[in-house]
Amino acid sequence: MKLALKIWRQSNASSKGKMVDYTVDNIEPDMSFLEMLDILNDELIVKGEDAVAFDHDCREGICGMCSLFINGEAHGPDRLVTTCQLHMRKFKDGDTIYIEPFRAKAFPVIKDLVVDRSAFDRIQQSGGFISVNTSGNTIDANTIPIPKHDADKAFDAATCIGCGACVATCKNSSAMLFVSAKVSQFSLLPQGKVEAKERVLNMVNQMDAEGFGNCTNTGACEVECPKGISLENIARMNREYLKSSII
Ligand code: SF4
Ligand code: FES
């Protein structure tokens, strides 16, 4: 395949960015989207030009680092996959592909397609954990009976990889799907109930302090989430927040 690429180039956080045209040739349908960008970067480096900066780590859909907005969709046109798992067979010869960074006030661009998502780290640090005595007295988690339904829901919530596609997709740049997944994975389990009140209050307060917008129930986040995180987590977080605010 021969493809026309329009890629957002921006030298640093304070410079003005713009879309720049490139062409790549001999792209195989079985290549991943990131491998296609690797080929472009190899060519740019040989020509002595600046390679396009983009985030990636595992390239297996696990780490949540890859973060491209492709033809107007977070992680591109496929469903339930990250950018690193998007294959070029989803495009056809002669296509023009627009590639932009995840855009949100709380995710400032660092360079080209790389954005700073450390706001998510700070939300996580504000309450996304359980305090466990690791002095040798720790009770094996498997000795605590947990209803299968709750275990399944907690596991589903725990599959959030913190990629930020929900924020990039939301017209309000809301982080509610991410934060609600992190709150839910603990609130559904007995181990998470001890610190439940502080957790939800601290995480929501930190989310607001980072400048994310509010949820207006459009559901775009759920559609674009590569891990299928459900909106029901947002409803659960709202209930937890209300309960914790008044008790
Ligand atoms: S909820 Fe989905 S889209 Fe949002 S950070 Fe988690 S995995 Fe990514
Ligand atoms: S590079 Fe790790 S999820 Fe895409």
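This section walks through the overall build, the nonpolar cores, the salt bridges and a few individual residues of a predicted model.

The protein chain contains 9 helices and 7 strands. Along the principal axes, its C-alpha atoms fill a box of roughly 60 × 40 × 35 Å. Of the 247 residues, 46% count as buried. The accessible surface of the chain comes to about 12400 Å², and carbon and sulfur atoms account for 53% of that area. Sequence-distant pairs feature strongly in the contact list: among contacts with a separation of 6 or more, 69% join residues 24 or more positions apart.

Turning to the interior, the largest nonpolar core has 36 residues, and within it V179 and F212 touch the most other members. Two or more residues of this core are supplied by each of α2 (118-125), α4 (165-169), α5 (176-187), α7 (196-209) and α9. Helix α5 gives the largest share, 6 residues. A second core, separate from this one, holds 26 residues, including Y22, F33, L37 and I99.

The surroundings of V179 give a closer view of the largest core. Beyond its neighbours within four places in sequence, V179 is in contact with I123, M203, M207 and M237. One of these partners, I123, is also among the buried residues of α2, alongside S118, A119 and F120. The buried residues of α2 pack against α4, α5 and α7.

Helix α5 also carries a polar residue worth a look, S180. With a relative accessibility of 0%, S180 counts as buried. A polar atom of the S180 side chain lies 3.4 Å from the backbone nitrogen of I234. When neighbours within four places in sequence are set aside, the contacts of S180 are N233, I234 and M237. M237 is thus met a second time, as it is also in contact with V179.

Charged pairs come next. Side chains of opposite charge can pair when their charged atoms come close. Across the whole structure, 18 salt bridges are found. One of them joins D50 to R9, with 3.6 Å between the closest N and O atoms. Because D50 lies in the loop between α1 and β3 while R9 belongs to strand β1 (residues 3-9), this pair ties together parts that are 41 residues apart in sequence. The two partners differ in their exposure: D50 is partly exposed at 47% relative accessibility, whereas R9 is buried at 12%. Both residues take part in a network of salt bridges that also links K111 and D112.

The loop between α1 and β3 provides a further salt bridge through R59. Its partner is D38, and the closest N and O atoms are 2.9 Å apart. D38 sits in helix α1, so that the pair links distant parts of the chain, 21 residues apart. Here both partners are partly exposed, R59 with a relative accessible area of 27% and D38 with 26%.

A more local arrangement appears in α9, where the side chains of K243 and E240 meet in a salt bridge with an N to O distance of 3.9 Å. These residues are separated by about one helical turn because they are 3 residues apart in helix α9. K243 is partly exposed, at 45% relative accessibility, while E240 is buried, with a relative accessible area of 12%.

Another residue in the loop between α1 (33-46) and β3 (68-70) is D55. With a relative accessible area of 14%, D55 is buried. The D55 side chain makes a polar contact of 3.2 Å with the side chain of R117. Not counting residues up to four places away in sequence, D55 touches M65, C66, S67, V114, V115 and R117.

Finally, a nonpolar patch is found on the surface, formed by L242, I246 and I247, which together offer about 380 Å² of accessible area. Of these, I247 lies in the segment after α9 (232-246). I247 is exposed, with a relative accessible area of 69%.

Note on methods. Residues are numbered from 1 along each chain as its sequence is written. Chains are lettered from A and ligands numbered from 1 in the order in which they are written. This is a predicted model: local features need pLDDT of at least 70, side-chain atom pairs count only at pLDDT 80 or more; totals for chains, interfaces and linings use all residues. Side-chain values use heavy atoms; hydrogens and water are left out. Patches are made of residues with over 30% relative accessible area and no salt bridge: like charges are joined within 9 Å, nonpolar side chains (Val, Leu, Ile, Met, Phe, Trp, Tyr) within 5 Å. Accessible areas come from the Shrake-Rupley method with a 1.4 Å probe; for residues, only the protein chains shown count as cover. A salt bridge is a side-chain nitrogen of Lys or Arg within 4 Å of a carboxyl oxygen of Asp or Glu. Helices (H or I, at least four residues) and strands (E, at least two) are DSSP runs, numbered from the N terminus. Buried means under 20% relative accessible area, exposed over 50%, partly exposed in between (1.4 Å probe, protein chains only). A polar contact is a pair of N or O atoms within 3.5 Å; within protein, one must be able to donate a hydrogen and the other to accept it, and residues adjacent in sequence count only if both atoms are side-chain atoms. Contact means heavy atoms within 4.5 Å. A nonpolar core is a set of buried Ala, Val, Leu, Ile, Met, Phe, Trp, Tyr and Cys residues joined through side-chain atoms within 4.5 Å.
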